[in-house]
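This briefing introduces one structure to a reader who has not met it before. Please keep the sequence and the model in view while reading the points below.

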Amino acid sequence: MEEILKVNNLSKRFDEIVVLDNLSLSVKKGEVVVIVGPSGCGKSTFLRCLNGLEDIEEGEVLLGEEKVNPNKKNLSKTREKIGMVFQSYDLFPHKTILQNITLAPIKVKKRNKAEVTEEALKLLDRVGLLSKKDNYPRQLSGGQKQRVAIVRALIMHPEVLLLDEITAALDPEMVREVLDVVLSLAKEGRTMLIVTHEMAFAKAVADRVIFLENGKIVEEGSPAEFFDHPKTDRLKRFLETFSYEK
């Protein structure tokens, strides 16, 4: 598989605090990489650096041969290729679900409205929300809003999809409906980087799991290696704080 995303010696600080410390990573096309670690270890900041939402002090992020640079004029084009779904949904409250999804491809990509609408309806149908197309975000549950946010990212046809703690704000019974959508995306070969605290989900969806702490990769491996045969004492202690499905 070809390499689609490459991170070389990435460092990020907030004042005197080192959030990412000389971190390097490569992701192959179609690979699902799940990033886990304690709160404050730099997971979300790492994702935000990947699509230019955060400045980078040192190192570089490459999408194919193209450098992701927050200061470049073509950053919006790069962001179209690296989609991101946030914990907080970020839907426009005054627009319908269909309008929320079609706004960016029509306004930013200048795509044909009828074609975008048809694609949006198919995607909504796929995630079980076609009947909600004329509703407003306030009329949807958290799980439904998160599925809409995923559809909104997908309609931009990203080469890489970043998912940042997308179930963290949800009630436990809503988590499953969102994770099922992500599992189906993984099965169709989407390239994804996922930050999550859901260990059973990480085990089910990942090709590779990374344990991040203090801005560094402490350990990585296949789900079987990572969860069943952790090599470092630190990862063993971390996993003991979770009860996940064997």
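Is histidine 157 buried, partly exposed or exposed? Histidine 157 has a relative accessible area of 43% and is partly exposed, because the partly exposed class lies between the buried limit of under 20% and the exposed limit of over 50%. The model is a predicted one. The points that follow cover an open sheet of 6 strands, helices that lie across that sheet, helix α4 with its buried residues, and two loop residues with positive phi values.

**The sheet**

- The 6 strands form an open sheet in the order β6-β7-β8-β3-β9-β10, and their pairing is mixed.
- At the edges stand β6 (82–85) and β10 (216–221), each of which pairs on one side only.
- On average, neighbouring strands of this sheet are turned by 20° against each other, with direction ignored.
- Strands of a sheet pair through backbone hydrogen bonds, and the pairing may be parallel or antiparallel.

**Strand pairs**

- The edge strand β6 pairs with β7 (residues 160–164) in the parallel sense over 4 bridges, and methionine 84 has leucine 162 of β7 as its bridge partner.
- β7 and β8 run parallel and are joined by 4 bridges; here leucine 161 has methionine 192 of β8 as its bridge partner.
- β3 and β8 also run parallel, with 4 bridges between them, and valine 33 has leucine 193 of β8 as its bridge partner.
- Along β8, Met192 and Ile194 point one way, while Leu193 and Val195 point the other way. All four of these residues are buried.

**Helices across the sheet**

- Helix α5 (residues 142–154) lies across β6 and β7, and its direction makes an angle of about 170° with β6.
- Helix α6 (residues 172–187) lies across β3 (32–36), β7 and β8 (192–195), running at about 150° to β8.
- Together, β7, α6 and β8 make up a β-α-β unit that is right-handed.

**Helix α4**

- α4 has 14 residues, and the distance from its first C-alpha to its last is 20 Å, close to the 20 Å expected at 1.5 Å a residue.
- Which residues of α4 are buried? They are Val116, Ala120, Leu123 and Leu124.
- Viewed down the axis of α4, these buried residues fall within an arc of 100°, so they line one face of the helix.
- An α-helix has 3.6 residues a turn, so residues three or four places apart point the same way.
- Ala114 and Lys122, on the other side of α4, are exposed.
- The cover over the buried residues of α4 includes α3 and α5.

**Loop residues with positive phi**

- Where does lysine 110 lie? Lysine 110 is in the loop between α3 (97–107) and α4 (113–126).
- The phi of lysine 110 is near 60°, which is a positive value in a residue other than glycine.
- Lysine 110 counts as exposed because its relative accessibility is 67%, and the cut-off for exposed is over 50%.
- Histidine 157, the residue of the opening question, is in the loop between α5 and β7. Its phi is near 55°, again a positive value in a residue other than glycine.

Notes: Residues are numbered from 1 along each chain as its sequence is written. This is a predicted model: local features need pLDDT of at least 70, side-chain atom pairs count only at pLDDT 80 or more; totals for chains, interfaces and linings use all residues. Side-chain values use heavy atoms; hydrogens and water are left out. Two strands pair if DSSP finds at least two bridges between them. Helices (H or I, at least four residues) and strands (E, at least two) are DSSP runs, numbered from the N terminus. Axes are lines fitted to C-alpha atoms, for helices over the stretch in contact, and angles run from 0 to 180 degrees between N-to-C directions. Contact means heavy atoms within 4.5 Å. Buried means under 20% relative accessible area, exposed over 50%, partly exposed in between (1.4 Å probe, protein chains only). A crossover is right-handed if, with the strands pointing away from the viewer, the path from the first strand over the helix to the second runs clockwise. The expected span of a helix is 1.5 Å times one less than its number of residues. The arc is that of the directions from the helix axis to the C-beta atoms.
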